[in-house]
Amino acid sequence: MSDALNIGLAGLILGLALWSIVAREAFAAVEGFMAFGLLLTLAWVQLHGIDVALTEAAIGGGLTGALLIGAATRLRSTEAAARVEGPGAPTRWLAAGVSVAVTAALAVGVLALPVPAPTLAPDVAAHIAVTGVGNPITAVLLAFRAMDTLLEAIVLLFALIGVWSLAPDRFWGGRPGLRQQADPNGILAYVARVLPPIGVIAGIYIFWVGADHPGGKFQGATLMAAMWLLVMMAGLADAPPISRTWLRILLVAGPLVFIAIGVVGVVTADAFLAYPPGIAKPLILVIEFALMPTLTLILGLMLVGAPQRGPLP
Amino acid sequence: MLTTPGGTLLVMAVLVPFVGVLLGLTLGGRHVWRVAAVTVLAGLAIVASLASMLLQSGDTVVYLLGGWAPPLGIALRADSLSVVMMLAVAVVICGIGLYARSDFGSVAGAAEARAPFTFWLLLLAVWGSLNLVFVSGDLFTLYVALELVTFSGVPLVCLDGRGETLRAALRYLLFALAGSLLYLLGAVLLYGAYGTLDIALLAERIRPEPIAWSVAALMTVGLLAKTALFPLHLWLPPAHAGAPAAASAVLSALVIKGSWFLVVRLWFDVMPGVVTLSAAQLLAGLGAAAIVVGSVVALRQERLKLLVAYSTIAQIGYLFLMFPLAFDAGGSALVHGPALTGGLLQAVSHATAKAAMFMAAGLVYAALGHDRIADLAGVARAMPITILAFALAGLALMGVVPSGAYLAKKLMLDAAASSGQWWWEGVLQGGAVFTAAYVVLVLTHVMRRPRGPAQPLKRVSRLSEFAALFLGLCSLLLAFAALGPLPGDLVKNPLAPGELGTTLLVFLGGTLLALGLSPQPLLAATRGGPLRRTMTRAGIAFEHSDGFVRRWPSASIALLTLAALFGWLLLARPLP
Amino acid sequence: MSAVINLWTVIAVSGGAVFFLAGTTGLLRFPDAFTRLHALTKADNLGLGLVVLGLLPQMDSVSGGLKLLCIWGLVLLSGATASQLIARALVRRDVQR
Amino acid sequence: MSAATLFGLCAAALIGIGLYGLIVNPHPLRKILAFNVVGSGVFMLFGAIARRGAAAGMGGDPVPQALLITGIVVAFSATALAVALLLRLFDETRSVSLASDAPDKTQPGVDDV
């Protein structure tokens with residue numbers, strides 16, 4: 001039964017992936033991709049990766065989908081010109097040939113993976129008690145491989161600086177994105193008033209529960225960012241100008257707190273990013289708590305894009 | 001495995017530039033460049049003390065992050081390879097910082113402007129990310145580091161926001177992303193097969209078997225795409241030529257070295273026994289092709305910055321020549337030895353020299369308002385320091401004594417001779433001749449007397465000129481710095497008959513190539529000669545083939561085909 | 001007692017499934033976007049409502065039941081909003097033509 | 001067939017499909033989409049590998065699962081940067097073609113602004 005379900009799921013995933021590649025219109029392709037993302041979430045559940053499933057649903061499918069669908073709408077006029085540019089049949093066949101070859105080689109690789117599979121799960125289980133958290137993935141992300149998580153926040157920040165750097169000079173310091181005009185009495189404005197309190201509570205809950213159960217700061221921050229975007233889309237609040245000092249401080253607060261706690265670890269626990277025994281869990285929660293607003297802002301601002309309006313209020 | 005004394009310096013080398021970015025972003029406005037200046041000084045001090053420590057002890061410096069040992073945790077490691085690269089990057093960043101002071105310095109009282117603000121932040125971002133590439137001991141952290149380098153490099157390409165540079169940046173980003181996915185795919189398979197991503201542990205566990213071969217092939221081509229080795233260089237010329245000069249210097253001198261360094265790490269330290277001599281020959285063969293195509297197309301360019309950008313493609317090729325020369329006597333495994341030292345020296349001298357060249361080209365552009373090579377007459381007289389910087393960098397790249405490239409060439413020639421791979425000796429010498437050709441070409445034009453009245457020149461900053469000169473000098477005098485750890489008899493008297501003869505031959509060959517291939521005839525006498533006509537035709541053919549290779553479908557199909565080819569060459573290993 | 005509860009669950013969930021089936025048929029067979037939206041929202045609101053009502057007595061705890069009701073409420077809200085927005089966009093496009 | 005093997009093979013196919021799209025689709029937005037499909041394939045392969053490593057009472061090896069979360073976030077950053085770049089290119093030139101970048105020899109070095 002479970003096998004049949006998995007095979008059906010894999011078939012649907014492949015079909016949607018193919019659709020998102022070959023569909024004629026970009027908009028339709030992105031819609032296929034969003035459905036693809038939702039089904040991937042199910043696949044992650046089948047692979048016993050609940051945390052990954054949450055991340056995939058929030059970021060992989062949700063935010064990426066929203067980003068691409070916005071771009072597809074704006075670029076609709078360019079598609080006809082691009083279609084003409086497409087390569088001829090020989091190139092297509094060649095491309096199909098090499099792609100199939102890669103797939104075949106990888107399939108052989110998948111079947112040739114060693115049995116028993118190497119795993120670090122016992123190592124994690126042996127050391128998780130020291131960190132005080134109950135969710136092994138949180139332990140990996142914030143204790144054993146905390147550096148990766150710090151770098152991940154820095155990646156997001158650099159990408160945001162990159163996005164901002166694409167503003168025309170005259171709009172530097174101004175508000176990102178275009179002004180949203182929505183009917184103040186319309187249903188969107190209604191939802192944007194009703195939903196955010198629920199969404200914010202759910203976001204905080206996902207973050208809080210992440211220490212011991214699936215969930216965590218990223219998934220929570222994505223939900224909060226989505227609520228913020230909803231409020232902006234409904235025209236109830238505007239995106240802040242990027243020159244605002246409070247915005248800049250919030251953007252760097254998460255990584256800076258992370259680094260500061262790491263540096264304290266050099267003194268108290270003999271290593272950067274080490275936690276003194278006994279207070280590991282509170283420190284991990286402080287880091288996650290500091291990262292939440294930073295991540296929410298970065299994720300939201302990335303979707304809004306580069307500054308496109310003058311710096312004057 | 002434990003943290004060694006001084007390991008904290010590794011963390012600092014990565015974090016200090018990153019903290020600089022964070023502080024710069026918060027303080028904003030006019031403070032950004034001050035933050036950058038302080039950070040550069042601090043970073044330089046950190047790297048210098050790390051280098052002096054390593055020079056004394058000679059042991060690899062290790063730092064266990066969070067106190068967790070691999071495979072569960074992440075280790076930072078710095079051996080002499082990493083420290084040399086870190087030192088070179090620190091010096092070049094310093095030079096670029098000085099150079100960019102006039103373009104991107106702050107004006108008192110002015111509001112925060114986009115280009116300076118992002119330039120300084122991205123400069124620090126590139127630096128921290130590169131240091132992470134050099135010291136990280138974990139393949140996944142290295143993936144994140146590579147992406148950090150890309151994300152901070154791409155916006156530098158389109159700093160001036162013109163359409164063509166935006167297009168170049170997008171091409172660069174998309175192709176680099178394809179490359180990093182292949183790298184990540186390899187890392188994923190490695191974890192599946194060996195249960196760790198730590199470089200030292202992998203080196204112990206990895207066996208010559210199909211999964212390791214496919215991993216080697218995938219990761220190598222992924223990194224080659226990011227390094228822009230021919231034929232995967234579609235993104236490089238427009239990106240490096242279109243960016244502002246300071247940004248071009250960062251991109252061409254430093255950014256591509258990150259992924260190149262990872263190829264070296266992968267081949268020499270992760271899987272020295274998995275890779276084969278035939279695969280290394282392919283790698284060096286691509287390098288040789290890059291030298292020929294890159295140099296010929298460089299000679300055909302009409303704009304100085306494009307010439308320098310294409311010369312980068314040729315020089316990237318040079319960096320891959322060491323691979324087949326670094327095998328042990330039986331040809332079964334890669335070893336750290338003179339050939340690797342040579343390759344490293346070549347990378348360092350290219351970093352300093354190419355930064356100096358782009359800076360000089362940028363200054364010429366700033367002074368004249370254009371960089372058409374044919375219209376550069378009289379520039380040498382008007383801007384002697386700039387042209388001197390260009391000439392010194394060119395001499396250094398050619399491998400004239402006592403440059404680093406000279407030592408590099410020497411070490412690699414010896415390795416080629418001792419392993420009986422005579423054909424690489426030819427390529428090594430030929431590469432120098434090609435380099436000489438475009439240096440001669442540019443110098444001939446700038447030394448000419450202008451025909452009409454002297455063109456009005458805009459004043460350029462003295463500081464920028466001296467920064468370029470400083471990096472050019474660094475490159476030319478690199479051999480002396482390298483001689484500390486290397487045996488002293490490697491550098492010969494430059495005026496000894498043998499050395500002088502080689503230098504003259506290189507110049508002569510270069511001049512002939514320049515005469516034959518330049519778009520405008522260099523001397524009136526050569527106009528219309530049969531040889532010149534043939535060579536011009538050949539040059540145009542090269543340009544066309546370069547144009548074909550740089551189309552997206554051909555480049556991306558080449559990417560996957562190369563992966564297959566590498567996989568096959570690793571599979572078809574000679575029986576022990 | 002449990003038999004009655006189970007019977008209620010079977011009836012209600014089956015009823016919900018019928019609505020979903022009808023909604024899907026409508027989505028596939030109706031001629032234009034407006035009528036398709038009509039079919040879709042009926043399926044969501046009534047079908048999901050019946051499923052939730054059917055499952056309610058099966059929950060172990062009050063908080064579990066509240067979560068189920070929350071899900072229904074949120075889907076009602078988002079379904080109504082999304083179909084309104086789609087319909088409005090369609091109207092706007094038709095006016096422009 | 002175990003779920004890990006099945007989804008491992010599915011991942012291999014996803015990577016192939018995405019690579020094909022990356023090569024032949026001329027529109028940059030479609031390339032970004034294809035990049036995300038390849039990325040999903042790589043992530044799914046890692047997920048299958050994590051599932052194979054189930055031990056010590058955990059449904060999967062938590063180390064790759066944690067790395068996956070980082071990977072998904074990095075891929076999102078890449079997508080956001082690429083989309084922003086693409087939209088700016090469109091605003092600036094009203095065209096999104098990547099093809100016409102061959103160094104234009106007729107154009108003088110000065111920008112006629």
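Helix α6 (residues 163-194) of chain B and helix α3 (residues 62-93) of chain D are roughly antiparallel to each other because of the angle between them; that label goes to angles over 145 degrees, while under 35 counts as roughly parallel, 65 to 115 as roughly perpendicular and the rest as oblique. The pair packs at about 165°, with axes 9 Å apart. Axes here are lines fitted to C-alpha atoms, for helices over the stretch in contact, and angles run from 0 to 180 degrees between N-to-C directions. α6(B) passes α3(D) in a left-handed crossing, a term used if the near helix is turned anticlockwise from the far one by less than a right angle (clockwise makes it right-handed). Residues touching here include L166(B), L170(B) and L173(B) from α6(B), and L81(D), L85(D) and L89(D) from α3(D). By class, this contact has 15 nonpolar, three polar and three charged residues.

A quick word on the basics: this is a predicted model, where local features need pLDDT of at least 70, side-chain atom pairs count only at pLDDT 80 or more, and totals for chains, interfaces and linings use all residues. Residues are numbered from 1 along each chain as its sequence is written, and chains are lettered from A and ligands numbered from 1 in the order in which they are written.

Now for the wider picture of who touches whom. Two residues are in contact if their C-beta atoms, placed from the backbone, lie within 7 Å. Chains A and D have the most contacts among the four pairs of chains that touch. Chains B and C do not touch, their nearest C-alpha atoms being 31 Å apart, and chains C and D don't either, at 22 Å.

Here are the two sides facing chain D, where Ala, Val, Leu, Ile, Met, Phe, Trp, Tyr, Cys and Pro count as nonpolar, Asp, Glu, Lys and Arg as charged, and the others, Gly among them, as polar.

| Side touching chain D | Nonpolar | Polar | Charged |
|---|---|---|---|
| Chain A | 53 residues | 17 residues | 10 residues |
| Chain B | 24 residues | six residues | eight residues |

Between chains A and D, 80 residues of chain A meet 70 residues of chain D. The largest share of chain A's side, 13 residues, comes from α3(A). Between chains B and D, 38 residues of chain B are in contact with 36 of chain D. Here α6(B) gives the largest share of chain B's side, 18 residues.

Chain D itself has three helices and zero strands, in the order α-α-α. Helices (H or I, at least four residues) and strands (E, at least two) are DSSP runs, numbered from the N terminus. Of its 113 residues, 76% count as buried, meaning 20 or more other C-beta atoms lie within 10 Å of a residue's own C-beta (12 or fewer is exposed, in between is partly exposed, and C-beta atoms are placed from the backbone).

Chain B also has a pair of strands to look at. Strands β1 (residues 61-64) and β2(B) run antiparallel, joined by four bridges; strands pair if DSSP finds at least two bridges between them. Across the pair, Y63(B) stands opposite L76(B), and V62(B) stands opposite R77(B). Both faces of β1(B) are covered, with V61(B) and Y63(B) buried on one side and V62(B) and L64(B) buried on the other. β2 (residues 75-78) is also covered on both faces: A75(B) and R77(B) on one side and L76(B) and A78(B) on the other are all buried.
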